[in-house]
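The report below goes through one model in sections, beginning with a point of strand pairing and moving outward to the contacts between the parts.

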Number of protein chains: 2
Amino acid sequence: MSRVKKDSITITDIAKALNLSSSTVSRSLRDSYQISDETKQLVKDYAEKNNYHPNLVAQSLRSNKSQSIGLMICSVPNNFFAEVISGIESIAYSKGYHLIITQSHESQEREAKNLEHLMWRSVDGLLISLSSETTDMSNLKKMHEQGVPIVFFDRVSDCINTHQVVVDNSGGAYELTKHFIESGYKRIAHITSSPDLSITLERKEGYLKALAEFNIPVNENYIKYCLHGGMLLDEIAECVDALFDMEERPDAIFTASDRITIGTFAILHKRNIKIPDDIAIAGFSNFSSPELFNPSLTTIHQPAFEMGKVAAELLIELIESKRPVTAFSKKILPTKLNIRKSSVKI
Amino acid sequence: MSRVKKDSITITDIAKALNLSSSTVSRSLRDSYQISDETKQLVKDYAEKNNYHPNLVAQSLRSNKSQSIGLMICSVPNNFFAEVISGIESIAYSKGYHLIITQSHESQEREAKNLEHLMWRSVDGLLISLSSETTDMSNLKKMHEQGVPIVFFDRVSDCINTHQVVVDNSGGAYELTKHFIESGYKRIAHITSSPDLSITLERKEGYLKALAEFNIPVNENYIKYCLHGGMLLDEIAECVDALFDMEERPDAIFTASDRITIGTFAILHKRNIKIPDDIAIAGFSNFSSPELFNPSLTTIHQPAFEMGKVAAELLIELIESKRPVTAFSKKILPTKLNIRKSSVKI
DNA sequence: TTTATTTGCGCAAACGTGTGCACAAAATCC
DNA sequence: GGATTTTGTGCACACGTTTGCGCAAATAAA
């Protein structure tokens, strides 16, 4: 594409036109106290009239700030993350930041590469939900040490002392498990993500707490891990089949993520298993219309949009803070259990 | 955030360390023929060893290229667009471009503002699916005239002579309508997006073609438009209710987009209308598991990921082309009709 | 040996902004 | 009226790269 010469106007152009120096123009536009009101007005009027807008790239080079924030998630086509993105974008937009999106695809290697790219891009800050493979945080630490503010959300880590935005994973899991038990289910299986993830630990914790509370013994074989977070349906199918091959089959499944919930439901369908007669199912999901499923699906819904907003706000606050921030917060948003037919005995 | 001094190394640093000029270092790294092999190797080794990476912002300023592409869609949390994003990101990543995402929320005003921001960011190119409100293309034209390559996808326009990537909207709609007719439905309604959109026209075209082929008279009252593309459920509910208030009620509904399909299905559910006994429903949707619905949902599936890939490839080709491109193509990807229970009489 | 060519490198300017400093003119103070 | 402060502006450089041009040394041609 032969680029047509951009007809955008620069500070130097204004300076020439008004017979001023570029420094005076620059200072006028930034409302410097050193410049007389008349000159300021003159410059501003001319700028306005000629549709001047500062060259953001030049500003970035000069200031070492890019007015952009990086986002690292495992996958965009995912009900939960898509909503998070939307929340982040709404804040970023209103505060004048742009959003650069990268996907880790649950791969530590890809995540590391993306982080490198984002650093080279000199993003002003990073929002990250860790990939399910990630155990080595050295890249992230390095980035943080070099002064890039980071805010964790969803899948967090304590390896860096910074803000975290999560939902009450343990509470949500507890509530659902309790609901299962009170509905008469005793043998409750749990299909979840990689055991290293914070969300996995917390959700399992809530699950175990409910079991303990009702004196139901824990069967470790009832807990199945999808190391790739359910990216592949086969991975989930293996878990389901393993559960059904057990001598004492579970009578309910608590699924720990959007992908896994929808995937498990789909596999049960494919295997022609009656829900909730043969087995009940419910779990974390942000699908917009779980009431449309057959049977309607009980879900733990997360405030994903809100999570994106809060995370973005915290990050931008960090970026724009004049002094080093030392006190960090862990925001815990509530989940909502929506009981439907897939988890209630008829 | 007090920014710690970045410890990244620059060309000037290398020059000083090796007692060379920065121009020699720059040329060495870019493999210029003007530099001796020994010097090149020396520089490259040093750069490699000290983990040098060019400052992309400085390169952008110098070259007037930002290695980033802008994306404008109406909404991220949408099965179709989320997949498109993923496709775009995969290509962008592999070609060294970053993706800057903006949402129009089906608003012409917001779209225009976002376009401005993207221009100021000096994105190298733009991928756009128009908002349902957009009728004024002057911003877009201006952007294009200033030399920013643009590729349309999904919701396209002929106002600019450039590449377009779409699916066979007319064909998909025709196929589904024909399926309805062959399944015994005669009074087929159509709930669709804003009448100005390309996809609306094309899908309606396919619908009308099938009706004509089977000599079914067109009832204009059976065609309902959601001016905001179904962003709000109320908008869809109005359409559904209007259809049910008619003296001669339709016996099937063909819905024209993901949002509208899921929304209509949800409203029928809420109204306790039996599908497909009372009314059949099917339409465009990229939801991952329509077989889980009650009843399973007949859909026209679009190759969204593929569409993102193709659009991104075409755009990057435009961006990187040495000479002005004058021949533009309109890629038409196939749709896939998946017949399930929601559209078949029992 | 002299002239012409090639080879390898550095100087300096440019992209568009922002800012420390100098400096002249105006205003204020003794 | 002279000394001092205030006010307003411009010069010059920096951010990190890239590139046209010039120039000396090395090589080739005459």
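Which residue stands opposite Ile253(B) in β9(B)? In this model, which is predicted, the residue opposite Ile253(B) is Ile281(B).

## The six-stranded sheets

The pair just named belongs to strands β8 (residues 252-255) and β9 (residues 280-284) of chain B, which run parallel and are joined by four bridges. Both strands are part of an open sheet of chain B, in which six strands follow one another in the order β7-β6-β8-β9-β10-β12 with mixed pairing. The edges of this sheet are formed by β7 (223-225) and β12 (336-338) of chain B, each of which pairs on one side only, and the twist from one strand to the next averages 15°.

Chain A likewise has an open sheet of six strands with mixed pairing, in the order β7-β6-β8-β9-β10-β12, and its edge strands are β7 (223-225) and β12 (336-338) of chain A. Neighbouring strands are turned against each other by 15° on average, direction ignored. Towards one edge, β10 (residues 298-301) of chain A pairs with β12(A) in the antiparallel sense over three bridges, and within this pairing Thr299(A) stands opposite Asn338(A).

## Helices on the sheet of chain A

Helix α9 (residues 198-213) of chain A lies across β6 (188-192) and β8 (252-255) of chain A, and runs at about 175° to β6(A). Helix α11(A) also packs on the sheet, where it touches β6, β8 and β9 (280-284) of chain A, and its direction makes about 160° with that of β9(A).

## The contact between the chains

Chain A and chain B each bring 49 residues to their contact. On the side of chain A that touches chain B, the elements that give two or more residues are α4, α5 (79-94), β2 (98-103), α11 (258-270) and α12 (304-320); the residues of this side divide into 24 nonpolar, 16 polar and nine charged.

A turn of 180° and a shift of 0.1 Å along the axis lay chain A on chain B with an RMSD of 0.1 Å, and the two copies are thus related as by a two-fold rotation axis. The same surface serves both copies, since 100% of the contact residues of chain A recur in chain B.

## Strand β2 of chain A

Strand β2(A), one of the elements listed for the contact, is mostly covered, with six of its six residues buried. The covering extends to both faces: His98(A), Ile100(A) and Thr102(A) are buried on one side, and Leu99(A), Ile101(A) and Gln103(A) on the other. Strand β1 (residues 68-73) of chain A pairs with β2(A) in the parallel sense over six bridges, and there Ile69(A) stands opposite Leu99(A).

## The surfaces near the DNA strands

Around DNA strand C there are 25 residues, of which Ile11(A), Ser23(A), Asn55(A), Ser23(B) and Thr24(B) come nearest. At least two residues of this surface come from each of α1 (11-18), α2 and α4 of chain A and α2 and α4 of chain B, and α4(A) gives the most, with five residues. By class, the residues divide into seven nonpolar, 14 polar and four charged.

DNA strand D is surrounded by 24 residues, the closest being Ser23(A), Thr24(A), Ile11(B), Ser23(B) and Asn55(B). Here α2 (22-29) and α4 (56-63) of chain A, together with α1 (11-18), α2 (22-29) and α4 (56-63) of chain B, each supply at least two residues. The surface near DNA strand D has seven nonpolar, 13 polar and four charged residues.

How values were computed
Residues numbered from 1 in each chain as written. Chains lettered and ligands numbered in written order. Predicted model: local features only at pLDDT ≥ 70, side-chain atom pairs only at ≥ 80, totals over all residues. Near = placed C-beta within 6 Å. Nonpolar A, V, L, I, M, F, W, Y, C, P; charged D, E, K, R; others polar. Pairing = 2+ DSSP bridges. Axes fitted to C-alpha atoms, helices over the stretch in contact; angles between N-to-C directions. Contact = placed C-beta atoms within 7 Å. Least-squares fit on C-alpha atoms with pLDDT ≥ 70 in both. Buried ≥ 20, exposed ≤ 12 C-beta atoms within 10 Å, placed from the backbone.
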